[in-house]
Amino acid sequence: MTEAAAEPGDAHRGRVRVRGRVWVLARVRWAGTTSRLTRYADLASARAARLVTAAGRRSSRLPPVVWDSLLPTLLLLNIITTRAPHELPVAVALTAALALPLVWRRRAPLTVFGVVAAAAFVQWLAGVQLPADVCLLVALYTAAANSGRRGTLVTGAVVEAGALLACLRWATEGAFLTPFVAVTAMVVAAAVLGVNVRTTRAYLAALEERAARLEQQQEQQARLAVAEERTRITREMHDIVTHNLSVMVALTDAAVYAQHRSPDKATTAMLQISETGRQALTDMRRSLGILRTDEPDAERHPLPGIAQLEALADQMCAAGLPTRIEVQGVHTHIPTTAQLTVYRLVQEALTNTLKHTPAGTRAKVRIRCSTGTVTVDVTDSGPRPPLPGATPSGHGIPGMRERAAAYGGTLRAGPLPGGGWGVHTRLLLDSGGAASA
């Protein structure tokens, strides 16, 4: 009983499984067909888009005369195929007079409009209605797009007068207002469209001119920035090379003089020469490394400032120029670039003293720091009239003036009343010179 009763249920489940498989297979086939159709539709759309793009490119390559000749050709073909033989000569002549001048409408828009208007007046006198009257609207559009406000008003008034005459002559009795309003709307639309085209063209021309002017200004600013950067690098290299070479020359002379009498002092001088050379290389690498973001020396070696003036004084003392540093006030609040400017000013002044004064000269550096200013005074005890040919010249003092001017200061350099040479300047910290420095 149990087995016999189970047989119909098993058959039913088998039929359900078969139907389910058929349904799944049908869905799979339908999904495959749908995906193929979708893929074919995408390919067709892509090909159509490419064809439209290619057609647009080919059409844009055609000269404007071809497009301007299209309407006259169509109008002449229409007259030839639709008019009766006895009406054909007059209709063809008037159509040619109305349509053919449009070929030259881009070159002489007002002249073409005058010719078309005259042909339309002759047509009105002859009492012939033609589809070529649309050429008046085309000529009006061209005149409005290529002439000023006065030309647009005059041509629009002429066409509107022609529309009035045409409606008075050819409008059916009692139906004057409707065609006149329709023709007037077309005249206004053609004129407004031409004015919009002219305005858009002028706006685009102004944008192009502005873009060209901005590009030129950017190029000029870039050239100025390059020139300023070259000046800055030249000034830095001058200060570094001149100072360190002057110190090295003085130490070399001292080593040569002391090599027989005091070998220990000669050895010390030679060691100081090598240290000065290494310092010069470090300074040059640091100054040039600012131009490269991947230069590690620009981060390893901080820019020199007021705190490094003592080391500079020791270096000058070793080179034979006793130097005393006096700093008044707190300098920790002074920006790094301003401290670099102070350091370079002192370095250049001391280098000039070392180069242009005799042995036994002493130098004194006084730095006065306040909230908004830094005053720098560098004096020496050299002879009042300087030695022949010893007046500082070259790029040193001009470079110092440029550094001081970057912070709104003026530099004074010259002989002192009591003898010696002095350099004085005051830097304004709030003058915005940090960027230019």
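**Exercise 1. Work out how exposed Glu-326 is and which salt bridges it takes part in.**

Step 1. Start with accessibility. Glu-326 has 22% relative accessibility, so it counts as partly exposed; buried means under 20% relative accessible area, exposed over 50%, and partly exposed is in between (1.4 Å probe, protein chains only). Keep in mind that this is a predicted model, where local features need pLDDT of at least 70, side-chain atom pairs count only at pLDDT 80 or more, and totals for chains, interfaces and linings use all residues. Residues are numbered from 1 along each chain as its sequence is written, and side-chain values use heavy atoms, with hydrogens and water left out.

Step 2. Now look for partners. A salt bridge here is a side-chain nitrogen of Lys or Arg within 4 Å of a carboxyl oxygen of Asp or Glu. Glu-326 has such a bridge with Arg-324, with 4.0 Å between the closest N and O atoms. Another salt bridge joins the side chains of Glu-326 and Lys-364, at 3.8 Å from N to O.

Step 3. Place the second pair in the fold. Glu-326 sits in strand S1 (residues 323-328) and Lys-364 in strand S2, so this bridge ties together parts that are 38 residues apart in sequence. Helices (H or I, at least four residues) and strands (E, at least two) are DSSP runs, numbered from the N terminus.

Step 4. Check the partners. Arg-324 is partly exposed at 47% relative accessible area, and Lys-364 is partly exposed at 24%.

**Exercise 2. Find the salt bridge of Asp-377, then the network of bridges that share partners.**

Step 1. Asp-377 pairs with Arg-368, and their closest N and O atoms are 3.2 Å apart.

Step 2. Compare each residue with the cut-offs. Asp-377, at 18% relative accessibility, is buried, while Arg-368, at 28%, is partly exposed.

Step 3. Look for shared partners. Arg-324, Glu-326, Lys-364 and Arg-366 are linked into one network in this way. The count of salt bridges comes to five.

**Exercise 3. Describe the aromatic pairs.**

Step 1. Search the whole structure, and two aromatic pairs turn up. Rings of Phe, Tyr and Trp (its six-membered ring) pair if their centres lie within 6.5 Å; planes under 30 degrees apart count as stacked, over 60 as edge-to-face and the rest as tilted.

Step 2. Take Phe-121 and Trp-124. This pair is stacked, with 6.1 Å centre to centre and 20° between the planes. Both residues lie in helix H4, three residues apart, or about one turn of the helix. Trp-124 is partly exposed at 22% relative accessible area.

Step 3. Move on to Phe-176 and Phe-180, which are also listed as stacked: 5.5 Å centre to centre, 15° between the planes. Phe-176 is partly exposed, with 29% relative accessibility.

**Exercise 4. Contrast Thr-95 with Asp-133: which is buried and which is partly exposed?**

Step 1. Thr-95, in helix H3 (residues 88-99), has 0% relative accessibility and counts as buried.

Step 2. List what Thr-95 touches. Setting aside residues up to four places away in sequence, its contacts (heavy atoms within 4.5 Å) are Leu-75, Leu-76, Ile-79, Leu-100, Leu-130 and Ala-132.

Step 3. Turn to Asp-133. This residue is in the loop between helix H4 (109-126) and helix H5 (134-146), and at 28% relative accessibility Asp-133 is partly exposed.

Step 4. Leaving out neighbours within four places in sequence, Asp-133 contacts Leu-98 and Gln-123. The C-alpha atoms of Asp-133 and Leu-98 are 7.3 Å apart, though 35 residues separate the two along the chain.

**Exercise 5. Decide where to read the model with care.**

Step 1. Get the overall picture. Mean pLDDT (the predictor's confidence in each residue, from 0 to 100) is 77 for the protein, and 77% of its residues reach 70 or more.

Step 2. Go through the elements. Helix H9 (residues 297-300) has the lowest mean pLDDT, 48, and strand S2 (residues 363-369) the highest, 93.

Step 3. Check the weak stretches. Residues 1-26 have pLDDT below 50 and zero contacts in the model beyond near neighbours in sequence. Residues 386-392 also stay under 50, but here the model has eight contacts beyond four places in sequence.

Step 4. Draw the practical conclusion: where pLDDT is low, the predicted coordinates should not be read in detail.
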